[in-house]
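Grab a pencil and have a go at these exercises. Try each task yourself before you read the worked solution below it.

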Amino acid sequence: MNDLVREHTDLDESDLEWLHLLVSEWQLLSDLSFADLVLWVPTRDGARYVSVAQMRPNTGPTSYQDDMVGHLVPRGRRPLLDAALDEGRIVREGDPEWREEVPVRVESIPVRRDGRVLGVIARNTNLLTVRTPSRLELTYLQSASDLAQMIAAGSFPFPAEQVDMDASPRAGDGLIRLDAEGLVQYASPNALSAYHRLGQAADLVGHHLGKATAELAPERGPVDEALVKLASGWAPREFEVEGGDGVIQLRAIPLKPKGVHTGSLVLLRDVTELRRRERELITKDATIREIHHRVKNNLQTVAALLRLQARRMDSESAREALEEAVRRVGSIAIVHETLSQTLDERVEFDEIADRVLAMVAEISPGRVTTRRTGRFGILTAEMATPLSMVLTELVQNALEHGFGPAESGTVDVTVTRGRELLTVAVQDDGRGLPPGFDAQKAGNLGLQIVRTLVVGELSGAFDMLPAPSGGTRVTLELPLDA
């Protein structure tokens with residue numbers, strides 16, 4: 001619609017926004033009318049109309065088999081469009097048109113904004129299945145007529161009301177028609193079923209909808225007064241009411257076809273099962289976060305016990321082994337701590353990587369700086385946990401074997417993330433690898449852990465080679481869909 005309006009018309013951005021607001025609402029008009037809607041806008045030279053939007057009804061057969069959007073029609077070919085645009089009033093065809101042996105009733109509704117007619121809605125009703133209308137259908141048609149008059153007067157849609165049409169109730173979900181006093185004139189079967197689920201035993205017709213709704217809601221006091229007003233339809237609002245064994249979502253639409261409040265249209269939908277599932281998901285999310293939190297606490301307890309045991313060891317090698325175990329446990333705990341603060345099993349790994357680097361750097365025997373370049377981005381928990389351990393082992397290995405007690409240097413972690421592959425390089429400027437070193441066969445525990453996790457858990461590749469500028473460079477290639 002944006003392209004068609006800007007290419008063929010002189011309408012400004014505020015006019016275009018009004019048309020968007022109208023189109024976001026007109027599924028309701030189409031369903032209540034049992035008719036197709038096509039929005040025609042006069043072209044810049046005034047000689048033609050261009051169709052910029054189309055809507056088919058969910059409640060009846062369509063009048064158009066083809067898509068009408070983008071069609072250009074010369075002025076004069078469709079007199080009803082001309083009359084509605086020039087006179088600013090709703091124009092109806094006396095006799096139906098015949099299209100492919102199908103009778104179609106044609107009406108034109110001017111679209112007014114701030115006193116100007118921006119375009120015309122052609123409302124086309126397929127009359128092939130016409131029969132004596134039911135009370136529900138008559139209520140639909142009367143409501144459609146009121147909305148059409150409000151569109152022609154420029155009082156519908158409501159600019160201040162932003163409605164999510166995907167989540168908002170529709171006419172078929174449940175409809176209640178109120179008079180000017182808020183008394184129920186008609187309630188569809190679906191609407192009655194929804195109110196019965198809230199606990200309404202009697203019929204709604206003749207009752208004040210606001211008061212009846214407030215009595216069904218569990219709250220009392222000032223909330224009742226607000227609910228009475230909302231359910232009476234005096235203002236365009238969406239709200240939910242929970243009571244008894246159900247939850248219903250309501251949308252109130254004041255009807256002012258001639259500028260005077262004559263009643264309201266209330267659309268409603270039973271969302272009990274939807275809200276129940278949402279609560280279950282929230283409960284599950286909270287349970288999963290609590291599990292991660294408890295795992296993190298347990299891991300920190302294990303780390304504290306290992307740290308206490310290390311302080312009591314007489315053997316230096318045993319103490320160092322326990323301290324390494326503390327760091328390994330700590331890297332896993334960091335992942336679970338991050339997962340305990342998210343709503344799903346995915347984490348922003350850059351924060352984890354920075355905390356791992358800081359944790360390992362604390363045990364540096366010299367003045368060695370660790371730094372990260374590039375972004376890991378969001379990773380799944382299945383990938384984040386082993387990767388945090390791998391990163392811990394590689395940085396710890398670089399600090400332990402690349403630098404002496406009084407030496408200074410740098411350990412760089414460089415990350416490159418592609419669409420399918422995550423490449424991580426850990427490079428130090430230390431003393432380098434010993435002659436004949438083979439990373440694939442080296443037997444120290446840290447490298448064994450790295451090989452097992454990279455190849456077995458992450459389905460990746462691992463290599464350790466002398467860096468071109470001195471020191472050691474470890475490269476990891478990890479598929480992101482592992």
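## Exercise 1: A salt bridge across two loops

At 59% relative accessibility, aspartate 10 counts as exposed, because exposed means over 50%. Keep in mind that you're working with a predicted model here.

**Task.** Find out which residue forms a salt bridge with aspartate 10, and where the two partners sit.

**Solution.**
- Step 1: Start with the idea behind it: side chains of opposite charge can pair when their charged atoms come close.
- Step 2: Look for the partner. Aspartate 10 pairs with arginine 44, and their closest N and O atoms are 2.8 Å apart. That passes the test, because a salt bridge needs the nitrogen within 4 Å of the oxygen.
- Step 3: Place both ends. Arginine 44 is in the loop between β1 (36-42) and β2 (48-55), while aspartate 10 is in the loop between α1 (2-8) and α2 (13-33). The pair links distant parts of the chain, 34 residues apart.
- Step 4: Check the cover. Arginine 44 has a relative accessible area of 43%, so it is partly exposed.

## Exercise 2: Two arginines in strand β14

**Task.** Work out which parts of the chain arginine 372 and arginine 371 tie together through their salt bridges.

**Solution.**
- Step 1: Take arginine 372. Its side chain meets that of aspartate 354 in a salt bridge, at 2.8 Å from N to O. Arginine 372 is in strand β14 and aspartate 354 in helix α10, so this pair ties together parts 18 residues apart in sequence.
- Step 2: Look at how open this pair is. Arginine 372 comes out at 26% relative accessibility, so it counts as partly exposed. Aspartate 354, at 35%, counts as partly exposed too.
- Step 3: Now take arginine 371. Its partner in a salt bridge is aspartate 412, with 2.2 Å from N to O. Arginine 371 lies in strand β14 and aspartate 412 in strand β16 (residues 408-417), so the parts tied together are 41 residues apart in sequence.
- Step 4: Add the accessibility. Arginine 371 is at 47%, so call it partly exposed.
- Step 5: Zoom out. The model's count comes to 28 salt bridges. There's also a network of them that links Arg197, Asp270, Glu273, Arg276 and Glu280.

## Exercise 3: Phenylalanines face to edge

**Task.** How many aromatic pairs are there? Describe two of them.

**Solution.**
- Step 1: The count comes to 3 aromatic pairs.
- Step 2: One of them joins phenylalanine 156 and phenylalanine 158, with 5.3 Å centre to centre and 90° between the planes. This is edge-to-face, because planes over 60 degrees apart get that label. Both phenylalanine 156 and phenylalanine 158 are buried.
- Step 3: Another edge-to-face pair is phenylalanine 349 with phenylalanine 376, at 4.9 Å and 65°. Phenylalanine 349 is in helix α10 (residues 349-361) and phenylalanine 376 in the loop between β14 (367-373) and β15 (378-380), so the pair ties together parts 27 residues apart in sequence.
- Step 4: Phenylalanine 349 has 0% relative accessibility, so it's buried. Phenylalanine 376 is also at 0%, so it's buried as well.

## Exercise 4: Out on the surface

**Task.** Is glutamate 101 buried or exposed? Then do the same check for tryptophan 98.

**Solution.**
- Step 1: Glutamate 101 sits in the loop between β5 (97-99) and β6 (102-113). Its relative accessible area is 71%, so it's exposed.
- Step 2: Glu101 forms a negative surface patch with Asp66, Asp67 and Glu100.
- Step 3: Tryptophan 98 is in strand β5. Its relative accessible area is 61%, so tryptophan 98 is exposed.

Key: Residues numbered from 1 in each chain as written. Predicted model: local features only at pLDDT ≥ 70, side-chain atom pairs only at ≥ 80, totals over all residues. Heavy atoms only, no water. Patch = residues over 30% accessible without salt bridge, like charges linked within 9 Å, V, L, I, M, F, W, Y side chains within 5 Å. Areas by Shrake-Rupley, 256 points an atom, 1.4 Å probe, with all protein chains shown as cover. Lys, Arg positive; Asp, Glu negative; His and termini not counted. Charge placed at Lys NZ, Arg CZ, Asp CG, Glu CD. Helix = DSSP H or I, 4+ residues; strand = E, 2+ residues; numbered from the N terminus. Buried < 20%, exposed > 50% of the residue type's maximum accessible area, 1.4 Å probe, protein only. Phe/Tyr/Trp six-rings, centres within 6.5 Å; stacked < 30°, edge-to-face > 60°.
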